[in-house]
Amino acid sequence: MQHTPQLRTLPLLIAAAFYAHHAYAEDTAAPDTAPIPQVEVTAAHLKSARIDLSPNVGTTIYSIDRHMVDQLGQGDNTPFNEVLLRLPGISQDSKGSGSIHVRDDHGNVQYRVNGVQLPEAISGFGQSIDTRFVESTDFMTGALPAQFGLRTAGIIDIQTKEGKTQPGGRIGVLVGSHDHVEPSAEFFGSQGAFNYYLSGSYESNNLGIENPLPTRNALHDRTKQTKSFGALSYFLDDDTRLGLMFGTYNGRFQIPNNPEQSPGFTLSGATPPASSQLDQHQRETNRFVTLSLQKSVGALNYQVSAFNQYSELHYTPDPVGDLVYNGVSSNTLRSNSANGLQFDASYKLNDTHTIRGGLAYTRQTTHSDNTVGVFDMNDDGTQASSLARTIVDNGSKTGRLSSVYLQDEWHIGAPLTVNYGVRFDKVSAFVDEQQWSPRINVAYQLAKGTALHAGYSRYFTPPPQELAAQSSIDKYAGTSNAPAVAVSDNVKSERTHYFDVGLSHQISESLTVTADAYYKKIRNMLDEGQFGQALILSPFNYDRGYAKGLELSAVYSQKNWGSFLNLTTQKAEATNIISGQSLFGPDELAYIANHYIHVDHDQTVTVSGGAHYHWGDSQVSGDFLYGSGLRLTPDGGAPNSGHLPHYTTVNLALTHTWKATPVGTVEGRLALINAFDKSYLLRDGSGVGVGAPQYGERRSLYAGISTSF
C-alpha cells in the first residue's frame, strides 16, 4: 500500500486483519452484479462528505474496522476501551482510573460520533460506548489541526453502522467465567428515504470492577449493565441528510470488598461488620441525543448539530461499615446536564486550497450532592465522640464553553501538503479563561511508500467541570473528614506546546513500519485521582510538567494470515501542585513543590501485538499486552518514585462460521482471556491520587454464538 501525503499512519492491527480478510473474502464470495440502490449511493456520498469535514494532514492516525474487532477474543462484546488498548500510545489502567491513558495523559480524550463531539460524562468505571454499533474508528493523536480542541490527547472519531436497503439484523449471546451473561441484538434497514440502525445489549457478571485481591473471584462485585444506541437518517435529497442519534447506558456495580481490614473508629450502638461483608454500591447513567443536518452544495459541505447529554453517578455507602473503617460515610450524587450546538464546514476554494471552519457552544450544569456521616475529633487526631453526625454538602455550577476555528489545507505540490490554522477557546465555569491556539501540520511524500509528517499545536484544556465540583472545606473542620491541608484553589486550564514528528515506510507489499515521536511542554498540567470512597475522579493541577515518547509499530499481512507489533516508550513528570491542595498531605505537597515526580499513570514501556490465521470458514487469533507497570510510592520513598511489576497477558480466540443455515449465518466463538493466568497489579493503592489495590482479570473462558439474518 502506498501512503498519501496526509500520512494516515497504517492501522497496525487493522491492516493485518483487513487485507488478509479481504483477500480471503474475494476468493470465496459469490460475485454480486446487482445494481447498488440509490439510497446507498446517497448515504455513501454524504458519509464521505461528512468525513471530509475533519482534516488529518500531518497527524498520526490509527484506524479500527470491523475486521479488527472480529479478531479479538470477545468480538463485538469486547469493551470499547479494551479495543483501543491494541493501538500504539495507549496504556492500560484500572476502570476506576479511566481504563486507558493516551500518551501519558490521564484523561483528555475526545469522543466524536458521526462528526459530533460528545460532552464528557461522569463515569467511574462504566463504558457507555458499545463496540457493536461502531463501523469504523479513526484514532487521531499528535499535533492536531485547529478543528480539534479542548480534549486533545486523542480524538476517537467513530463512524457508526447504518441501515442498508435490505433489512436485517444480528442476535447473539456471550457466556463465560464470573457468571458472565451478555445477550445483544442489532436491527437495520431502510424504507424509502428513511434509514435506521438500532442496537441494544444487557450484561451481568461477578467481576464488575477490578478485584482488590489476587484471587480468581472477587467478593461483592456483581454488575448489571444495559446499553442502547440508535442512528436514524432521512435523506431530504441527494445532497441533504437529517440525522438523529441517541444512546443510553445504565450500570449498577457492587464495590468489591477487601477482607481482614481493621476498624479505625468506634460507632456507638453498632457492631462493626467484617470488611468482607461491606455493602457499598455505585450506579451510573449516561444518555445522549443529537440532531444533525448535513448538506453538500457544490464545493461547500457543512454539518450543524444540536445535542443534549445527561450523566449521573450515585455512590451509596455501607452506613456503618464506611464510618467504622474510614471515619466517613458519604452518600454522593453527582449529575451533569449539557446542551450545545456544533457547526463544521469545508469549502474547496480551488485545486490547491480547502478552507475549513466552525464553531461550538456548550452549556452544562453540574450538581454535587453529598450527605456525609463523620465523627468529631480531638486536636491530637483521636476520636472525640463515638456518636456520628451528618453534614450536608451540596453545590452546583453552570458553565459555558465556546470555540471557533479557521484553517486552510494547502496542497503546495504533489509531495507536500500543509494544514495551518488557529482556534479560540473560552471557558466560564469554576475558572474564567481563554486562549488563541495556532496550529500547523506538514506532510511530505519522500518516496513511493514513504511519508513524513511533522506538526506543532498549541493546546488549551479546561478542567472537566463534571469532576471539578468544590466541596466546602470549612464544614469538616474538627471532624474525621477534615483535610490535612485547609486550602484548595480552583482547578485551572492546562496550556500545552505540543511537537510531533513521524515517518511511515512500506518495506514490501506485506510489511509496513511506522515511527512517531512527541514532546509536550505543559503549564497547569491536569491530572486526576481518586480521593474518597466513591470511585469518582477529582482533577488537580501541577504548575509545570512535560511528557515525551516514541511509538514504533509494524504490520505484516498475507492472504490468509497477518500479524502486528506496537511498542511505546514514554515519560511524564511534573512539579508543584497548585490546585486541589486539600486532597493531599502536607509532606506530599512540600516534596512535590520542589521536585519533579512521575505522574501516577506514567508507564515507561507498553507493548502490544497479535496474529491471526484463516482457513476455510474458521479463524484462530491471539494477541498480547505487556506493561512495565504504573507508578507507586514505596514505603518511606518519594511520591510515585517506584513502579509496579511488569506483566504480560495473552488472549486466544477461535471462531467458525456456518453459512446459509435455516436461521441465517451463524458464528460460534471461543475465547480464552489471560490464557496463562497471570496475576498482575494495575494499581497497588499507593501513589498520588490512587485508591484501593486493583488486580487484572485472571484466566477466563468465554463462549459466544450469534446469527445474522
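This passage describes strand pairing and a nonpolar surface patch in a predicted model.

Strands of a sheet pair through backbone hydrogen bonds, in either a parallel or an antiparallel sense. In this model, an open sheet is built from 5 strands in the order β1-β6-β7-β4-β5, and its pairing is mixed. The edges are taken by β1 (60-65) and β5 (116-117); each has a single partner strand, so one side of each is left without a neighbour in the sheet. Strand β4, residues 109-113, runs antiparallel to β5 and is joined to β5 by 2 bridges. Within this pair, Val113 lies opposite Val116 of β5.

Further along the chain, β15 (residues 328-348) pairs with β16 (residues 353-374) in the antiparallel sense, over 21 bridges. The connection between β15 and β16 is a hairpin of 4 residues. Phe343 has Leu359 of β16 as its bridge partner. Strand β16 is also joined to β17 (residues 389-413), again in an antiparallel arrangement, through 22 bridges. Here Asn370 is matched with Asp393 in β17.

A nonpolar patch on the surface consists of Phe194, Tyr234, Leu236, Leu242, Leu244, Val289 and Leu291. Together these residues have about 570 Å² of accessible area. At least two residues of the patch come from each of β11 (223-237), β12 (240-254) and β13 (281-297). Leu244, one of the patch residues, is located in strand β12. The relative accessible area of Leu244 is 31%, which makes this residue partly exposed. This value meets the patch requirement of over 30% relative accessible area.

Conventions. Residues numbered from 1 in each chain as written. Predicted model: local features only at pLDDT ≥ 70, side-chain atom pairs only at ≥ 80, totals over all residues. Heavy atoms only, no water. Patch = residues over 30% accessible without salt bridge, like charges linked within 9 Å, V, L, I, M, F, W, Y side chains within 5 Å. Areas by Shrake-Rupley, 256 points an atom, 1.4 Å probe, with all protein chains shown as cover. Salt bridge = Lys/Arg side-chain N within 4 Å of Asp/Glu carboxyl O. Buried < 20%, exposed > 50% of the residue type's maximum accessible area, 1.4 Å probe, protein only. Pairing = 2+ DSSP bridges.
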